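Student: Could you take me through one part of this model closely, beginning with a single residue and its contacts and then working outward to the elements around it?

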Amino acid sequence: MDFALVDHHCHAVARGTLTRPEFEAFLTESDRPPPDGCSAFDSLLGVAVRRWCGPVLDLEAGAEPDAYIRRRAELGGEGANRRLLTAAHLDALLIDTGLDSDPLLASNELGRLAGSRAYEVVRLESVAEDVAARGTGSGDFAAVFSAELHRRAAGAVAIKSVVAYRHGLNFDPGRPSLAEVARAASGWLARGRGRLEDPVLLRHLLWEGIDTGLPLQLHTGFGDPDLDLHRCDPSLLTRFLRACADAGPPVLLLHCYPYHRQAAYLANVYPHVYLDIGLAVPHVGHRAPTILAEALELAPFHKLLFSSDAYGLAELYHVAATVFRAALTEVLDPLGLAVAERTRIAGMISTGNASRVYQLPGTAADS
Ligand SMILES: [Zn+2]
C-alpha cells in the first residue's frame with residue numbers, strides 16, 4: 001500500500017553537505033563516535049539507509065557508504081534533502097522546534113523541501129529557559145511563563161515535554177501550588193537559570209501545558225544518552241495520566257520503545273492516551289513489522305500514530321516512512337479484512353488519527 005503519512009513528531013535536518021563522520025553521527029543515538037575501525041553504517045538503520053535511500057540518489061540499493069556520501073555531496077545538501085523528503089511522501093510534518101540550531105533547516109524550509117504542510121510543536125522546557133534567560137525574577141516567573149507559553153501556543157498545534165530527560169517519568173503527578181512554584185523558581189534562578197531540571201517546575205510546566213488545551217506530547221522510551229532508560233518507561237506516567245484524564249487535551253506518548261507494549265496498554269485503557277513507535281521505526285529497519293505488531297496487540301487502531309522522530313538527516317524521514325508503510329501492510333494483510341476496511345484502518349493510522357487529535361486543517365478525519 002502506498003499512502004500519505006502525517007509525521008506527528010519530527011525535527012529539522014542539516015542544511016549543508018556532510019562528511020562521513022558528520023553523517024554517521026546522525027545514524028546513532030550515541031553522542032560519541034564508534035570504536036576505532038567501526039562504523040555506524042554497520043547497523044539495521046545503516047543497512048536500511050543504503051537500501052532505501054541509495055536509489056533515491058540514483059545509486060543502486062545497498063551502495064557502499066563512501067559512494068553514498070560522495071553522491072550526496074555531489075547533489076548538495078538542498079538537492080539531496082529535497083529528493084529524500086519528497087520521496088518520503090509526507091502529507092504534514094509536526095516539527096519539534098526545541099532542538100533547532102543554525103546548521104539545521106528552519107521549519108518552513110523543511111516543509112517546502114518536503115512539499116508538506118509544516119506545523120510547530122512548542123517545547124515547554126525551552127519556553128521556560130527562554131523566559132529565565134530574559135532575567136525574569138522568581139516572583140514573576142509563573143505569570144511571565146504562562147503569558148509566553150500562551151503566546152507561542154497560539155501558533156502551534158501541540159505542546160511537548162522532555163520531563164523524561166530532565167527528571168524521569170516517575171514524578172509526583174499533582175499540580176504544585178503557586179507558593180511551591182515561586183520557591184522552586186527562586187532556587188533555579190539563583191543557581192544560574194541554566195538547564196531546567198527542578199521537579200516542581202517541570203510538573204508546573206506540564207500542567208500549564210495542559211491548560212493551553214493543546215495536545216501534550218511526552219517523550220518516553222529510548223533516546224540519546226542524556227536519559228536514564230529505566231526512568232522513561234511510560235507506565236511510570238500512570239498516576240499522571242489518571243490525574244489529567246478529565247482535563248481535556250489528549251496525551252501522546254512518543255517513541256515508547258522498548259516499552260511500546262506498556263504504552264499500548266495505557267492507550268487501551270485511557271481514552272485520552274495515544275502512542276507512536278517513532279525513532280524505533282527507522283532504527284530497527286526491517287524489524288519494524290514486529291514492533292508495530294506488538295504495539296497493535298493492545299492499542300486500538302484509533303490510538304496509534306506515525307512519527308519518524310527524524311533529526312539531522314532527510315534519510316531518516318525516508319527510511320521511517322518506507323519501513324512504516326511496509327510494516328503496516330504486513331501487519332494488516334493477515335487480518336482477513338475486506339479491502340475497504342483495511343484501507344480505512346491504514347488511513348486512520350497513517351493520517352486520520354493525527355488529523356483528528358491535532359485538528360489539522362485540510363485533511364478528512366478518516367482519509
Ligand atoms: Zn524527538
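Tutor: In this predicted model, a good place to begin is Tyr 317, which, when residues up to four places away in sequence are left out, touches Cys 10, Leu 84, Leu 85, Ala 88, Leu 90, Ser 308 and Ala 310. Tyr 317 also belongs to the largest nonpolar core, a set of 121 residues in which Leu 94, Leu 253, Leu 275, Tyr 317 and Phe 324 are those with the most contacts inside the core. The element that gives the most to this core is H14, with 12 residues.

From there we can turn to the packing of the helices. Two packed helices are described by the angle between their axes and the distance between the axes. For helix H13 (residues 288-298) and H14, the angle is about 55 degrees and the axes lie 8 Å apart, which makes H13 oblique to H14. The crossing of these two helices, H13 and H14, is right-handed. On the H13 side the residues that take part are Ala 288, Pro 289, Leu 292, Ala 293 and Leu 296, and they meet Val 323, Phe 324, Ala 327, Leu 328, Glu 330 and Val 331 in H14. H14 (314-332) has a further role in this picture, since what covers the buried residues of helix H2 includes helix H3 (65-87), helix H12 (280-284) and H14. In H2 (residues 44-53), those buried residues are Leu 45, Ala 48, Val 49, Arg 50, Trp 52 and Cys 53.

The strands complete the picture. An open sheet of eight strands follows the order S1-S2-S3-S4-S5-S6-S7-S8, and its pairing is parallel. S1 and strand S8 (304-305) are the edge strands, each of them pairing on one side only. Although S1 is an edge strand, six of the six residues of S1 (residues 5-10) are buried, so this strand is largely enclosed by the rest of the structure. S1 is joined by four bridges to strand S2 (residues 90-96), and the two run parallel; within that pairing, Asp 7 has Leu 93 in S2 as its bridge partner. Elsewhere in the sheet, five bridges join strand S5 (residues 216-220) to strand S6 (residues 251-255), again with the strands running parallel, and here Leu 218 stands opposite Leu 253 in S6. Leu 253 brings us back to the starting point, being listed together with Tyr 317 among the residues with the most contacts inside the largest nonpolar core.

Note on methods:
Residues numbered from 1 in each chain as written. Predicted model: local features only at pLDDT ≥ 70, side-chain atom pairs only at ≥ 80, totals over all residues. Buried ≥ 20, exposed ≤ 12 C-beta atoms within 10 Å, placed from the backbone. Pairing = 2+ DSSP bridges. Contact = placed C-beta atoms within 7 Å. Core = buried A, V, L, I, M, F, W, Y, C linked by C-beta atoms within 7 Å. Axes fitted to C-alpha atoms, helices over the stretch in contact; angles between N-to-C directions. Parallel < 35°, antiparallel > 145°, perpendicular 65-115°, else oblique. Left-handed = near helix turned anticlockwise from the far one by under 90°.
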